[in-house]
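Q: Got a minute to go through this model with me? I'd like to start with the strand pairing and then hop around a bit.

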Amino acid sequence: MPTPIKIGVSSCLLGEKVRYDGGHKHDRYITDTLGRFFEFVSVCPEAECGMPIPREAMRLEADGGKVRLVTSRSRVDKTEQMLDFCRRKVLELESEDLCGFIFKKDSPSSGLFNVKLYRRGMPTKAGRGLFADAVTKHFPLLPVEEEGRLHDMGLREHFIERVFAFRRWKDLLLGGKSLGRLVAFHADHKLLIMAHSPEIYREMGTLVAHGRELGCDDLFACYQELFMKALSLHATVRKNTNVLQHIAGYFKKQLTREEKAELQEVIGEYHRHLVPLIVPVTLLRHYVKKYGQEYLLKQVYLSPTPLELMLRNHV
């Protein structure tokens, strides 16, 4: 990547002692593994909005149609203090060129999913932290995740793949908008998009084919929305199998009988959940290089993220 890949991260996950109890929640996977590939933009909404360290714990409470941020014991309403910070911070983050954000789970400011929301004193896991809500609304295409969910290999892979894809898209924009460059980008990402949504891929193909009928800015804006929308959908075993078979079709006249049998056996094993995706993909990458398939050499699907991240290794 010619440009650094910057992602926002809740400060406590980086080992910063900013939590309400004066501690941290250092996540070694984030700092030690992702830190080799990403630059971190640290954010602690509670500390940065002026709350002390340590401080009284807070919780989200439903108040009619609104959500309030209230201290748990003394019942002080901190909502406007936090919302004022959120309005300022999202504008500040526009200049950071973020490609993703990892939030602290369960936090009343930063929790992304299923944060405790109290209604008449009873908790339900139906809330979202006020800062996380502000970020997702201000940057609707930004890949976001919680650190706890990154322990799930499928969710981890999905998030990291989208971060790298967003960086590639941003790099395209940095090089200037032209229909020719968009066509090349679309061609290189064909199989990756198909693995997430064949339907949206067809919609994107129609958009690019009629690109000259749109203004350049409108064309790129529409494509960006469809691109990130497609990648937000999970690549399933069935969709991946279809893509693998599509790639195998390029070798009909080149593979020996034994090679064809081996390839179909490996794809079948993946389809039956016996081996991870990396197994057929590695074999296909071998054939792509062996037989000089120039078109497939450019396909991002075969290497969407660095091998060192050990993705596509789960069954």
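Q: Which residue is the bridge partner of Glu61 in β6?
A: Tyr118 is the one paired with Glu61 there. Keep in mind that this is a predicted model.

Q: OK, and how do β3 and β6 run, parallel or antiparallel?
A: Parallel, with 2 bridges joining β3 (residues 58-63) to β6 (residues 115-119).

Q: What about β3 and β4, how many bridges there?
A: That pair has 6 bridges and is antiparallel. One of the pairings puts Leu60 opposite Leu69 in β4. β3 and β4 also make a hairpin, with 2 residues between the strands. Gly64 sits in that turn and has a positive phi of about 65°.

Q: So what's the strand order in the whole sheet?
A: It goes β4-β3-β6-β7, an open sheet of 4 strands with mixed pairing. β4 (66-71) and β7 (122-127) are the edge strands, each pairing on one side only. On average, neighbouring strands are turned by 45° against each other, ignoring direction.

Q: Remind me, what holds strands like that together?
A: Backbone hydrogen bonds pair the strands of a sheet, in a parallel or an antiparallel way.

Q: Switching to backbone oddities. Which peptide bond is cis?
A: The one from Ile53 to Pro54, where omega is near -5°. Pro54 is in the loop between α2 (45-48) and β3.

Q: And where is Asp106, which has a positive phi without being a glycine?
A: Asp106 is in the loop between β5 (98-103) and β6, and its phi is about 70°. Asn114 is in the loop between β5 and β6 too, with a positive phi near 55°.

Q: Are those two buried or exposed?
A: Partly exposed is the label for Asp106, at 44% relative accessible area. Asn114 also counts as partly exposed, at 48%.

Q: Cysteines next. How many disulfides does the count come to?
A: It comes to 0.

Q: Why is Cys216 not bonded to Cys222?
A: Because the sulfur of Cys216 is 12 Å from that of Cys222, its closest cysteine sulfur, and that's too far for a bond. Cys216 is partly exposed, with 33% relative accessible area.

Q: How far is Cys49 from the nearest cysteine sulfur?
A: The sulfur of Cys86 is the nearest, at 8.1 Å, and Cys49 is in no disulfide. Cys49 is buried, with a relative accessible area of 11%.

Q: What about the nonpolar core, which residues touch the most other members?
A: Phe101, Tyr223, Phe227 and Tyr301, in the largest core, which has 93 residues.

Q: What is Tyr301 in contact with, neighbours in sequence aside?
A: Leaving out residues within four places in sequence, its contacts include Leu191, Leu192, Ala195, Val243, Leu244 and Ile247, along with Asn240 and Arg312.

Q: And Ser197, where is that?
A: In the loop between α7 (190-196) and α8 (198-209). Ser197 is buried, at 3% relative accessible area. Beyond four places in sequence, Ser197 is in contact with Ala230 and Leu233.

Q: Last bit, the big picture. How many helices and strands are there in the chain?
A: 13 helices and 8 strands. The chain has 315 residues, and 49% of them are buried. Its C-alpha trace spans about 75 × 45 × 35 Å along the principal axes.

Q: And the surface, what share belongs to carbon and sulfur atoms?
A: 52% of an accessible surface of about 15,400 Å².

Conventions
Residues are numbered from 1 along each chain as its sequence is written. This is a predicted model: local features need pLDDT of at least 70, side-chain atom pairs count only at pLDDT 80 or more; totals for chains, interfaces and linings use all residues. Side-chain values use heavy atoms; hydrogens and water are left out. Two strands pair if DSSP finds at least two bridges between them. Axes are lines fitted to C-alpha atoms, for helices over the stretch in contact, and angles run from 0 to 180 degrees between N-to-C directions. A disulfide is a pair of cysteine sulfur atoms within 2.5 Å. Buried means under 20% relative accessible area, exposed over 50%, partly exposed in between (1.4 Å probe, protein chains only). A nonpolar core is a set of buried Ala, Val, Leu, Ile, Met, Phe, Trp, Tyr and Cys residues joined through side-chain atoms within 4.5 Å. Contact means heavy atoms within 4.5 Å. Accessible areas come from the Shrake-Rupley method with a 1.4 Å probe; for residues, only the protein chains shown count as cover.
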